Amino acid sequence: MQIIPYPDRSEWAALLARPTQSMANIEKAVAPILEQVQKEGDAALRALALKFDKIDLAEIAMPLETVAAAETSLTEELKAAIRQAYANIRKFHEAQYQPAEKIETMPGVTCWRRSVGIEKVGLYIPGGSAPLFSTVLMLGVPAQLAGCKEVVLCTPSDHPAILYAAQLVGVTKIFRIGGAQAIAAMAYGTESVPKVYKIFGPGNQYVTAAKMLLAKEGVAIDMPAGPSEVAIYADGSAVPSFVAADLLSQAEHGADSQVLLVSTDKKFLASVNLTLATQLEGLPRKELARKAIENSKAILVEDEAEAIDLLNEYAAEHLILSVQNAEALSEKIINAGSVFLGNYTPESCGDYASGTNHTLPTNGHARAYSGVSLDSFVKKITVQHITPEGLKALGPTVEAMAEAESLYAHKRAVSLRLSSLK
């Protein structure tokens, strides 16, 4: 990794820029795909599968026999691991449930809010060289807990672990499509793929562009989740081999991933670089990881305060604090998707099985977006009830405000009722 010593704050924006293509160019490539799927439906899905994936997509739906055979295709060890991850994720997300609580804002005026699961949701699971069955759990568990009636899964992969996880979380329909065309199919609906109300799931920059373009048309999405990234702040108490392993765990996702290392210790950065080179050579996906590392940086800063400022400006998807006072320091982090504390909390655990959700905002979007949670799959509907005595107390307030805004019909809706109570 390139070591950048003590950069001036005026240089931070350029140093922290993600290695992404121009979004305008990506959207230009994606827009015709969306239009084709909207106009041609299943025919477009078959044509695009042949064009991009060289696949003759005779059946768009995942064959039932393939789904049924998934469980027997996996080792008992892997199935046990998936079930343990499922249990942990479920436990953490169950705790996010908030029962309706009636609040009397003044005598006779009662308000409350209830959570209702989104009826139809779409989950996207990327294909590629890594079968992300963990993402099925991360999206499917909160959908299951929210009570979503129809859960549609689109993935170009028929990996048995993906299908096993889909059964575990109660996915109702699975389709063998990927890329921007899968996002379009769930947004518009086709002869085979039902239209959903909200779309979830990570993907490459083309998938992200498809989601963002469709969001402009009113389709609900989880967030702009793109290529994976990690930032690590480490001091002399950190273990160089641990830090190098965490950097590579994100770098191996793909060449467009980014990793960032921040420290006040120059010798530590040099030590990480040495062990990074050694560990890299032992990875099966070393070429992908190497390209990601080439786009990444190790930044030497003056002190902890400067490190925190830089990390908050970066707004990492994953932030690892390998420092002595990690938990106390985490309270100063205001921009991050998920935070990992100490030497024995590898980001990999959050990716798979600790319980937190790994579908997180990337590319700086953690400044305004949160990761996926139970709330992502529900709507919050407010309810209010006012008694006659409550209206007598509240009505004059509403009348005065409505008149001040020159909305006299609003005022009359209250005044007529007050008159009837005299």
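**Salt bridges, annotated sites and domain contacts**

Lys211 and Asp222 are both buried. In this predicted model, the two residues form a salt bridge whose closest N and O atoms are 2.7 Å apart. Lys211 belongs to helix α9 (residues 205-216), whereas Asp222 is placed in the loop between β8 (220-221) and β9 (229-234), so the pair ties together parts that are 11 residues apart in sequence. Side chains of opposite charge can pair when their charged atoms come close. Over the whole structure, the search returns 15 salt bridges.

Two further pairs involve residues with some exposure. Glu35 is joined to Lys39 by a salt bridge, with 2.8 Å between the closest N and O atoms. Both residues are in helix α2 (residues 23-40), and because they are four residues apart there, about one helical turn separates Glu35 from Lys39. Glu35 has a relative accessible area of 40% and is therefore classed as partly exposed, the range for that class running from 20% to 50%. Lys39, at 63%, is exposed. The other pair consists of Lys380 and Asp375, for which the closest N and O atoms of the salt bridge are 3.2 Å apart. Lys380 is partly exposed, with a relative accessibility of 29%, and Asp375 is also partly exposed, with a value of 39%. Elsewhere, Glu281, Lys286, Glu287 and Arg290 are joined into one network by salt bridges that share partners.

The annotated positions were considered next. An unreviewed UniProt entry lists Gln250, His253, Asp351 and His410 under "binding site". These positions span 161 residues of sequence and are also spread in space, with up to 56.0 Å between C-alpha atoms. From this set, Gln250, His253 and Asp351 are part of the lining of the largest pocket. His410 is located in helix α17 (residues 408-420).

Gln250 is found in helix α10 (residues 240-251). Its relative accessible area is 0%, so Gln250 is buried. When residues up to four places away in sequence are not counted, Gln250 touches Ser228, Glu229, Val230, Ser257, Val259, Glu317, His318, Glu347 and Asp351. One of these contacts, Asp351, is itself listed by UniProt under "binding site".

The domain assignment divides the protein into domain 1 (23-104 + 116-216), domain 2 (226-367) and domain 3 (387-421). The centres of domain 1 and domain 2, taken over C-alpha atoms, are separated by 28 Å. Contacts between these domains involve 15 residues of domain 1 and 14 residues of domain 2. The size of an interface is often given as the accessible area lost when the parts come together. For domain 1 and domain 2 this buried area is about 1200 Å², with carbon and sulfur atoms giving 56%. On the domain 1 side, Ser134, Met138 and Gln205 lose the most area to domain 2, and together they supply 34% of what that side buries. The rule finds zero salt bridges across the interface of domain 1 and domain 2.

Three loop residues complete the description. Ser373 is situated in the loop between α15 (347-352) and β14 (378-386). The relative accessibility of Ser373 is 19%, and the residue is classed as buried because the limit for that class is under 20%. With neighbours within four places in sequence left aside, Ser373 is in contact with His93, Gln96 and Pro142. Asn363 is likewise placed in the loop between α15 and β14. Asn363 is not a glycine, yet has a positive phi of about 55 degrees. At 36% relative accessibility, Asn363 is partly exposed. A positive phi, near 45 degrees, is also found for Tyr6, a residue other than glycine. Tyr6 is in the loop between β1 (2-5) and α1 (12-15), and with a relative accessible area of 44% Tyr6 is partly exposed.

Methods:
Residues numbered from 1 in each chain as written. Predicted model: local features only at pLDDT ≥ 70, side-chain atom pairs only at ≥ 80, totals over all residues. Heavy atoms only, no water. Salt bridge = Lys/Arg side-chain N within 4 Å of Asp/Glu carboxyl O. Helix = DSSP H or I, 4+ residues; strand = E, 2+ residues; numbered from the N terminus. Buried < 20%, exposed > 50% of the residue type's maximum accessible area, 1.4 Å probe, protein only. UniProt positions renumbered as here; feature names shortened; annotations may be inferred. 1 Å grid on protein atoms, 1.4 Å probe; cavity = no way out; pocket = protein on both sides within 12 Å on 5 of 7 lines; lining within 4 Å. Contact = heavy atoms within 4.5 Å. Domains from an automatic or database assignment. Buried area = accessible area lost by both parts, 1.4 Å probe.
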